[in-house]
Amino acid sequence: MIRSPLVSLAAALAIGLLAATPAPAQTAPQPAATPPGYTAGQASLARAPYTLADLAGLKKTLLFTEDDERALRQSRAILAGQTGAILDVWYGFVASTPELVYFFKNNKTGAPDAAYLAAVRQRFERWILDTADARFDQAWLAWQYEIALRHHRTKKNRTDGTDSVPEVNFRYLSALTIPITTTLKPFLAKTGAPAAEVEKMHAAWVKAVLLQTILWSEPYVRPGQF
Ligand code: HEM
């Protein structure tokens, strides 16, 4: 009984491990240039309910400066070759936390939905690079709002046509900032950047992820109170 969700999850994680492991060129699954369901920058996205001025106010409050933007961009080259390995760690954390893996449950089987996990994983990998790009413009705001809706009951499960629980509960969104950024730190250090630079990149990542989870909270907040 307890086993079957874990078995499905192991299968989902294995998909990720395959993607992360170098293999002969003709059989290696290549990361899709644009993962299915990744619609950042598309005109079809709704306009975000927050403005660039709102964003500036949040950045100020988070002590997020141009130095942080530079540190994020520095991290891009370091992380670009490691996104598969990072997702292995992040999915490992979700898999071993029943309160979190619940949000990937297939309603019919009661087990984690391997196809759903695998589809989200590709976009999550892409999100690492997008965050490191630190391109905080109007299009980025619209994409943040779309990701917000995809965690909220407005749009969860729609992108992948999944039959899963209706929404990710609000209380976990910002909380996941800590495991995400704590486990990222060794990857930031992996290519030999000096310790002080690793610290700066890590601090920038904590702020950038918290910033996004705050933006993703909007649909959960009563109208006018965000
Ligand atoms: C720091 C916090 C979080 C980050 C950085 C994050 C990141 C992401 C990203 C990048 C996506 C893909 C969005 C897309 O391109 O479609 C996604 C989707 C998703 N995330 Fe999160 N997430 C966070 C919090 C959580 C938490 C706490 C859960 C609970 C397990 C969760 C569960 C999901 C699910 C189920 C989806 C798929 C939603 C759908 O049906 O489209 N996320 N997340």
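The largest nonpolar core of this predicted model holds 38 residues, of which L72, M201, A204 and W205 touch the most other members. Two or more residues are given to this core by each of α3, α4, α6, α7, α9 and α10. The greatest contribution is that of α10, with nine residues. One of the residues with the most partners in the core, W205, touches L72, S75, T181 and L184 when residues up to four places away in sequence are left out.

Two of these partners, L72 and S75, are among the buried residues of α3, which also include D68, A71 and L79. The buried residues of α3 pack against four helices, namely α4, α6, α9 and α10. Helix α3 itself comprises 15 residues. Its first and last C-alpha atoms lie 21 Å apart, close to the 21 Å expected at 1.5 Å a residue.

Another partner of W205, L184, belongs to the buried residues of α9, together with I180, F187 and L188. Packing of the buried α9 residues takes place against α3 (66-80), α4 (83-95) and α10. The C-alpha atoms at the ends of α9 are 19 Å apart; this agrees with the span of 18 Å that its 13 residues should have at 1.5 Å a residue.

Within α9, I180 was examined individually. I180 counts as buried because 20 other C-beta atoms lie within 10 Å, the cut-off for burial being 20 or more. Apart from neighbours within four places in sequence, the contacts of I180 are with W90 and V209. The C-alpha atoms of I180 and F93 are separated by 9.1 Å in space, although the two residues stand 87 residues apart in sequence.

The shell around the ligand consists of 26 residues, and those that come nearest are R123, W127, R150, Y172 and L176. The elements giving two or more residues to this shell are α6 (114-133), α7 (138-151), α8 (170-175), α9 (177-189) and α10 (195-216). The largest share, four residues, is that of α6. By residue class, the shell around the ligand contains 15 nonpolar, seven polar and four charged residues. Helices α6, α7, α9 and α10 are thus named both among the elements giving two or more residues to the ligand shell and among those doing so for the largest nonpolar core.

At the level of the whole protein, the model contains ten helices and zero strands. The order of elements from the N terminus on is accordingly α-α-α-α-α-α-α-α-α-α. Of the 226 residues, 28% count as buried. Among contacts with a separation of 6 or more, 81% join residues that are 24 or more positions apart.

The confidence of the prediction was also considered. The average pLDDT of the protein is 90, and 86% of the residues score at least 70. Residues 1-31 form a stretch over which pLDDT stays under 50. For this stretch the model has 35 contacts beyond four places in sequence.

Notes: Residues numbered from 1 in each chain as written. Predicted model: local features only at pLDDT ≥ 70, side-chain atom pairs only at ≥ 80, totals over all residues. Near = placed C-beta within 6 Å. Nonpolar A, V, L, I, M, F, W, Y, C, P; charged D, E, K, R; others polar. Expected span 1.5 Å × (residues − 1). Buried ≥ 20, exposed ≤ 12 C-beta atoms within 10 Å, placed from the backbone. Contact = placed C-beta atoms within 7 Å. Core = buried A, V, L, I, M, F, W, Y, C linked by C-beta atoms within 7 Å. pLDDT = per-residue confidence, 0-100.
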